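User: I am new to this structure and would like a close look at a single part, the place where the two chains meet. Please take me through that part in one connected account, and add what surrounds it where that helps.

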Amino acid sequence: MSVIVLVEHTEGNIKKKSLEAVQYAAGIAQKTGTTVSAVVLGTLADSEMENLGQYGAQKVLHVADARLDELHARAYTSALIAAAQKEGSKIIIALHDINGRAVAPRLSAKLKAGLVAGALSYPDLDKGFVIKKAVFSGKAFAFVNITSDVKVITLMPNTFQLNKGEGKATIEKLDVNFGDKDFGVKVKEVNLIKGEIPLADAQLVVSGGRGMKGPENWGLIEDLAKELGAGTACSRPVADAHWRPHHEHVGQTGGTVRPNLYIAVGISGAIQHLAGVNGSKTIVVINKDPEAPFFKAANYGVVGDALEILPRLTEAVKNFKQNHK
Amino acid sequence: MKILVCISQVPDTSTKIVLKDNNTAINNQGVTFVINPYDEWYALVRALELKEAGIASDIHLVTVGKADTEPVIRKALALGGDEAIRIDADSHDPYETANYIAEYAKTVGYDLILCGKESIDYNNGAVGAMLAELLDTDYIGFASDIQIEGNTATVKREIEGGEETDTCSLPVVIACQKGVAEARIPNMRGIMAARTRPLKVVTPGTVGSVTEILSYELPPAKAGIKMVSADNMDELVELLHAEAKVI
Ligand SMILES: Cc1cc2nc3c(=O)[nH]c(=O)nc-3n(C[C@H](O)[C@H](O)[C@H](O)COP(=O)(O)OP(=O)(O)OC[C@H]3O[C@@H](n4cnc5c(N)ncnc54)[C@H](O)[C@@H]3O)c2cc1C
């Protein structure tokens with residue numbers, strides 16, 4: 001009996017959000033009186049895997065098949081099922097991200113297991129196995145009880161603060177008999193957007209709307225983002241007008257971000273835009289209209305012309321960094 | 001080639017969520033229901049494009065819901081498609097929904113199943129991948145481009161920090177997002193034609209749910225916004241550092 005958690009890694013390093021997932025698994029293991037077995041798929045150094053002990057994993061089950069360096073949802077599902085069988089596990093955790101969202105529902109369907117997608121809390125065991133998650137694009141929360149014997153959870157990244165402890169996980173190799181179907185999807189081409197911080201993972205985001213007036217002014221957004229080490233985003237009309245690439249569009253019909261800081265510049269704050277950003281911890285709004293709805297959702301507000309304020313803010317960040325070296 | 005498009009009914013995006021019955025339910029009074037935007041703008045329209053290009057022969061639309069979901073599935077039919085199926089069940093979670101759709105899909109045999117990346121009510125984004133598991137097919141999520149040639153789908157999908165192009169054989173389940181299709185609105189002809197297109201009602205087997213929602217909560221009101229003068233950006237930076245602790 002242990003809690004199984006899928007760990008993601010890139011370029012030889014475990015992703016920070018996977019450390020969060022391991023820590024979350026450890027919290028559940030503690031509540032349920034079990035241990036944590038982290039599942040690492042693909043190529044990764046033992047030294048890196050051992051570190052999962054610092055976040056509460058006792059054991060790492062390593063499926064060292066290089067084909068798993070890319071997402072193969074069916075193979076990942078097979079590997080997690082093999083791991084769960086080996087450990088006699090009833091609780092399986094992945095992240096609420098692109099990979100986890102391809103794998104966890106498959107596990108749920110296969111194991112007849114209830115799924116909470118996008119968990120925001122530890123399970124409350126007094127009432128069953130009740131987990132909080134956002135619904136209606138952040139306009140409400142639901143408390144979902146998993147009633148099946150086996151339980152699958154995807155954890156919303158950036159929900160819990162990481163606490164690094166002591167400990168070293170032991171590593172066990174796990175052999176899985178994959179079938180041809182497990183690798184049915186072939187990767188033909190990978191295009192990484194270079195020189196930018198991936199939006200879904202960004203801790204800080206600077207975002208521009210139609211109030212930026214035109215693509216020629218985006219240098220102001222980029223300057224501030226660069227100074228902060230932030231990713232850049234935009235509202236839908238901005239992407240529709242091709243001022244910015246489509247992957248930057250956030251909201252109901254675009255991407256979702258949950259950074260620690262979201263700076264919205266010249267964005268009205270329509271409910272469809274908020275749907276993609278209202279999980280942000282701190283929101284700063286810069287808008288010339290004091291009645292802009294976004295001010296109701298923000299923690300800090302500045303009323304004024306974005307094109308004048310942005311260079312000042314960038315300058316202030318620069319000064320701040322000078323003084324806090 | 002037969003395509004099945006999954007349609008879910010959701011409250012209009014601008015709906016204000018109001019709770020009732022001691023916070024155990026959502027008050028639907030006065031709420032307008034629409035086709036889930038990802039299902040409509042991306043999955044359904046791409047299916048129509050594939051038919052117009054002569055690649056698809058039949059497009060079926062499916063929804064899981066009681067009779068009150070008929071207006072929405074009819075609206076979807078007005079955009080196009082040959083037949084709509086309503087699986088007559090009051091489903092409680094994606095597991096139940098996916099099982100009902102899979103059960104039906106097996107009786108027809110679809111080459112391509114398209115759904116939206118998630119529905120904007122419960123934001124699970126789970127039905128597509130569950131369907132793939134139940135139908136023993138591949139699944140590609142977060143698709144932004146879908147091309148079909150013979151028995152092969154070539155799909156661009158989002159990955160962390162970029163985009164990947166994948167290929168796989170049909171049948172496959174694909175969850176769609178922005179980029180997959182060109183926006184369109186139903187025309188009068190479509191609306192008239194939809195009236196004569198069949199809406200089939202199917203009684204599902206018993207699956208049962210594996211989760212239950214015990215209660216809801218509304219987010220707390222923001223503690224109040226702090227306004228900073230446009231002339232004092234040093235103060236804003238200081239607040240973000242010392243108070244919000246984000247920089
Ligand atoms: C079903 C549906 C889905 C949608 N999905 C999305 C989505 O995913 N994402 C999204 O963003 N939108 C989405 N929308 C659109 C959304 O409703 C708004 O239309 C959109 O967010 C508005 O973008 P905006 O704030 O950039 O532009 P506007 O509404 O034009 O607002 C511009 C703002 O900039 C301010 N401004 C103007 N000039 C300046 C200046 N010089 N300095 C400072 N401020 C200035 C104005 O006061 C105004 O508040 C969706 C709509 C629908 C119906």
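Analyst: Between chain B and chain A an area of about 7,000 Å² is buried, and carbon and sulfur atoms give 58% of that area. On the chain B side, the residues that lose the most area to chain A are B:E133, B:E160 and B:K222, which together make up 10% of what that side buries. It should be said at once that this is a predicted model, and what follows describes that model. Counted by residues, 78 of chain B are in contact with 88 of chain A.

The contacts between the chains include charged and polar pairs. Nine salt bridges are counted between chain B and chain A, and B:E160, already named for the area it loses, has its side chain in a salt bridge with that of A:K15, at 2.8 Å from N to O. Where both residues reach pLDDT 80 or more, 35 residue pairs are in polar contact between chain B and chain A.

As for the parts of chain B that take part, the elements giving two or more residues to the side that touches chain A are α1, α4 (127-135), β9, β10, β11 (162-169), β14 (211-217), β15 (226-227) and α6 (233-242) of chain B. The largest share comes from α6(B), with eight residues. Sorted by class, the side of chain B that touches chain A holds 38 nonpolar, 18 polar and 22 charged residues.

The chains are also joined through their strands. Strand β9 (residues 140-146) of chain A pairs with β14(B) in the antiparallel sense, over six bridges, and within this pairing A:A142 has B:Y216 of β14(B) as its bridge partner.

A second joining of strands is found in an open sheet of ten strands with mixed pairing, whose order is β12(A)-β11(B)-β10(B)-β9(B)-β12(B)-β8(B)-β1(B)-β6(B)-β7(B)-β13(B). At its edges stand β12 (186-192) of chain A and β13 (199-202) of chain B, each with a single partner strand, so one side of each is left without a neighbour in the sheet. From one strand to the next, the twist of this sheet averages 30°. At the end formed by β13(B), that strand pairs with β7 (residues 83-87) of chain B in the parallel sense over four bridges, and B:A84 stands opposite B:L199 there.

Helices from both chains lie against this ten-stranded sheet. From chain A, helix α4 (residues 98-111) packs on the sheet and touches β9 (138-149) and β10 (152-159) of chain B, with a direction that makes about 100° with that of β9(B). From chain B, helix α1 (residues 37-52) lies across β1 (2-6), β6 (58-64), β8 (112-116), β9 and β12 (172-176) of chain B, and runs at about 150° to β8(B). The loop between β11 and β12 of chain B contains B:P171, and the peptide bond that leads to B:P171 from B:L170 is cis, with omega near -5°.

A third joining of strands belongs to another open sheet, this one of six strands with parallel pairing, in the order β14(A)-β13(A)-β15(A)-β16(A)-β17(A)-β15(B). Its edge strands are β14 (231-234) of chain A and β15 of chain B, each of which pairs on one side only. Further inside chain A, strands β15 (residues 261-265) and β16 (residues 282-287) run parallel and are joined by five bridges, with A:V265 opposite A:I286 in β16(A). Helix α5 (residues 218-228) of chain A packs on this sheet, where α5 touches β13 (204-208), β14 and β15 of chain A and points at about 175° to β13(A). Helix α8 (residues 306-323) of chain A lies across β15, β16 and β17 (300-303) of chain A, running at about 135° to β16(A).

For a wider setting, the whole structure has 34 salt bridges over all chains. One of them is within chain A, where the side chains of A:K17 and A:D97 meet at 3.0 Å from N to O. Because A:K17 lies in helix α1 (residues 16-32) of chain A and A:D97 in the loop between β6 (91-95) and α4 of chain A, the pair ties together parts that are 80 residues apart in sequence.

Key:
Residues numbered from 1 in each chain as written. Chains lettered and ligands numbered in written order. Predicted model: local features only at pLDDT ≥ 70, side-chain atom pairs only at ≥ 80, totals over all residues. Heavy atoms only, no water. Pairing = 2+ DSSP bridges. Axes fitted to C-alpha atoms, helices over the stretch in contact; angles between N-to-C directions. Contact = heavy atoms within 4.5 Å. Buried area = accessible area lost by both parts, 1.4 Å probe. Salt bridge = Lys/Arg side-chain N within 4 Å of Asp/Glu carboxyl O. Polar contact = N/O pair within 3.5 Å; in protein donor to acceptor, adjacent residues only side chain to side chain. Nonpolar A, V, L, I, M, F, W, Y, C, P; charged D, E, K, R; others polar.
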